[in-house]
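This report looks at the annotated active site and the ligand surroundings of one molecular structure. The sequence and the structure come first.

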Amino acid sequence: RLVYVLNGPNLNLLGKRQPHIYGHETLADVERDCRKLAEELKLELRFHQSNREYELIDWIHEAREDGAGIVINPAAFTHTSVALLDALNTFEGPVIECHISQVHKREAFRHHSYVSMRSDGVIAGFGTQGYQLGLRRIAKLIDDAAK
Ligand code: DQA
């Protein structure tokens, strides 16, 4: 049971970046917590972040080859990227979209997500805990698909 956790632009600055919105935890903290939970759930994890759209697309293609699941925080690409949506539409496994902040409480341009047209579930406003909720859900979806 392999899961890709993918993070989009500016999330490398998590913890330093607008902490009143995104909190004080760093992406390394998030990765550490995800790895801990993955061990418990017996998931193998590939954890990546990039500021470049094409790298995220390449990882989605890799996840497709691997028959994995995806938890993705596409960050600002959520609201702009048809290319990410197209990449996810080539992917057949479960996809959970995760946003740290409650995007629906924020600017109107954050209310629309291209990625949501493909996501099997969306988490928003649970802080970095959302990643763990996403992993639990992906584990369940992978198990259900194997039944
Ligand atoms: C985000 C929300 C997006 O609107 C924003 O562009 C981000 C992070 C979140 O995790 O809350 O970079 O995806």
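The text below covers the two annotated residues and then the shell around the ligand.

The model is predicted. According to the UniProt record, an unreviewed entry, the annotation "active site" covers Tyr22 and His99. These residues span 78 residues in sequence, yet no two of their C-alpha atoms are more than 9.5 Å apart, so they gather at one spot.

The table sets out where each of them lies and how it is classed.

| Residue | Element | C-beta neighbours inside 10 Å | Class |
|---|---|---|---|
| Tyr22 | helix H1 (residues 19–22) | 19 | partly exposed |
| His99 | strand E4 (residues 95–99) | 23 | buried |

The two classes follow from a cut-off: a residue is buried if 20 or more other C-beta atoms lie within 10 Å of its own. Tyr22 has 19 such neighbours and therefore counts as partly exposed, while His99 has 23 and counts as buried.

Contacts come next, with neighbours within four places in sequence left aside. Tyr22 is in contact with Leu14, Arg17, Ile100 and Ser101. For His99, the contacts are Asn73, Ile123, Ala124 and Gly130.

Which residues surround the ligand? The shell is made up of Asn10, Asn73, Ala75, Ala76, Thr78, His99, Ile100, Ser101, Val103 and Arg110. By type, these residues divide into four nonpolar, five polar and one charged. The annotated residue His99 is thus part of the shell, and so is its contact Asn73. Ile100 and Ser101, which are in contact with Tyr22, also belong to the ligand's surroundings.

Definitions and conventions
Residues are numbered from 1 along each chain as its sequence is written. This is a predicted model: local features need pLDDT of at least 70, side-chain atom pairs count only at pLDDT 80 or more; totals for chains, interfaces and linings use all residues. UniProt positions are given in the numbering used here, feature names are shortened, and annotations may be inferred rather than shown by experiment. Helices (H or I, at least four residues) and strands (E, at least two) are DSSP runs, numbered from the N terminus. A residue is buried if 20 or more other C-beta atoms lie within 10 Å of its own, exposed if 12 or fewer, and partly exposed in between; C-beta atoms are placed from the backbone. Two residues are in contact if their C-beta atoms, placed from the backbone, lie within 7 Å. A residue is near a molecule or strand if its C-beta atom, placed from the backbone, lies within 6 Å of it. Ala, Val, Leu, Ile, Met, Phe, Trp, Tyr, Cys and Pro count as nonpolar, Asp, Glu, Lys and Arg as charged, and the others, Gly among them, as polar.
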